[in-house]
Amino acid sequence: MRGSAVAQDAADGALKEIPLQSLSDHSLTPLGQAAMSIHPTDWKHAETANFVYHYFHGFIAAPVSVEAEFYYRVISKDLEKDTTQWERKSHIFIFETNEDWKEFQKKGALDPWTGGIHSQGSLFIQRNPELKFKGSTLGHEITHLVIERFFGSGVPLWLNEGYAEYSASRCYAAFNRARGYGARPISHPVPNDLYIPVALLISMLTYPQDVAQVGAFYNESERLVRFLERADKHGFGVFLDAMSRGNRFETALNKGFAAKFISLDALDREFKTYATQQNGFSNAD
Ligand SMILES: [Zn+2]
């Protein structure tokens, strides 16, 4: 009952402000404490079924809470996971002004391409009330948060970014469709000359040095996630779970997809066509 009542509050676009000490989970990471050292007396606090929010204005935080719970539901269904019985919640800190955000950035390690900071299961973002269209960036960041909650911090870079892109584009389209806007997921093909062989993609521990390659890295990672989910949706969840536990790619592939891909080379040949063609997905997605 409590969960659905909280969800209803979020659906109504209202967040009930409560004192920090009254949150069901008020333990803060060192970076969370650092965030709250900026304007320490101005922070407000609230929570929904799966997230805790720290913010300055309710009208900024309420839409974030609606999106966060929406993403949680879509991703948990997609990956057949459920942590609603957990007592520990994921924390989202919402900054507003550039000035405050810059001050905070100095304290954290930035994910340079998306504009959010993740640390120990908490998410730190800036929501500028003057920007009307916010795109799928929030969804990308929230997906990382939900993945960390379901699978811990051992998910490899390509898989983490690929799933975040995949989920953000799907969820963003679904979120807008549910509100009466026409929207389809966006997935970009990888230019032939920027294609990264799968064996190399899955071994990358950091983002490419070359900026032109960064976009290709995200697109190709997204396409590989999409490709594997289409091959076998349940199998993809098994694969992701195995990868998060430190399995080698081929081992996880075998667990999730059995004999579907006989070797990494065979997968690479089949995937390259899918990654580089314009219509990498159909209306069924
Ligand atoms: Zn990311």
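User: In this predicted model, which ring has the charged end of Arg 223 sitting over it?
Analyst: A charge counts as over a ring when CZ of Arg is within 6 Å of the ring centre and within 35 degrees of the ring normal. The charged end of Arg 223 is 5.9 Å from the centre of the ring in question. That ring belongs to Tyr 274.

User: Which aromatic cluster includes Tyr 274?
Analyst: Tyr 274, the one under the charged end of Arg 223, is part of one aromatic cluster. The other members are Trp 158, Tyr 163, Tyr 166, Tyr 195, Phe 227, Phe 236, Phe 239, Phe 249, Phe 257, Phe 261 and Phe 271.

User: How many aromatic pairs are there?
Analyst: Rings pair up here if their centres lie within 6.5 Å. By that rule the count is 28.

User: Take Phe 70 and Tyr 71: what kind of pair do they make?
Analyst: Their ring centres are 6.3 Å apart, inside the 6.5 Å cut-off. The planes sit at 70 degrees, and over 60 counts as one particular class. So the pair is edge-to-face.

User: And are those two buried or exposed?
Analyst: Buried means under 20% relative accessible area. Phe 70 comes in at 13%, and Tyr 71 at 0%. So Phe 70 is buried, and Tyr 71 is also buried.

User: What about Trp 101 and Phe 104, what class is that pair?
Analyst: The two are three residues apart in helix H4, so about one helical turn separates them. Their ring centres are 6.0 Å apart, with the planes at 40 degrees. Stacked needs under 30 degrees and edge-to-face over 60, so what's left is tilted.

User: Which residues of H4 are buried, and why do they end up on the same side?
Analyst: H4 spans residues 98-105, and its buried residues are Asp 100, Trp 101 and Phe 104. They share a side because they cover an arc around the axis of only 100 degrees.

User: Which residues are exposed on the other side of H4?
Analyst: Exposed means over 50% relative accessible area. Across the helix from the buried residues, that label goes to Glu 99 and Lys 102.

User: What covers the buried residues of H4?
Analyst: Among the covering elements is a helix, H2 (30-35). Strands pitch in as well: the cover also includes S3 (90-95), S4 (117-119) and S5 (122-126).

User: Zooming out, what share of the protein chain is buried?
Analyst: The protein chain has eleven helices and five strands. It exposes about 14,000 Å², with carbon and sulfur atoms supplying 52% of that area. Of its 285 residues, the share that counts as buried is 51%.

Notes
Residues are numbered from 1 along each chain as its sequence is written. This is a predicted model: local features need pLDDT of at least 70, side-chain atom pairs count only at pLDDT 80 or more; totals for chains, interfaces and linings use all residues. Side-chain values use heavy atoms; hydrogens and water are left out. Helices (H or I, at least four residues) and strands (E, at least two) are DSSP runs, numbered from the N terminus. Buried means under 20% relative accessible area, exposed over 50%, partly exposed in between (1.4 Å probe, protein chains only). Accessible areas come from the Shrake-Rupley method with a 1.4 Å probe; for residues, only the protein chains shown count as cover. The arc is that of the directions from the helix axis to the C-beta atoms. Contact means heavy atoms within 4.5 Å.
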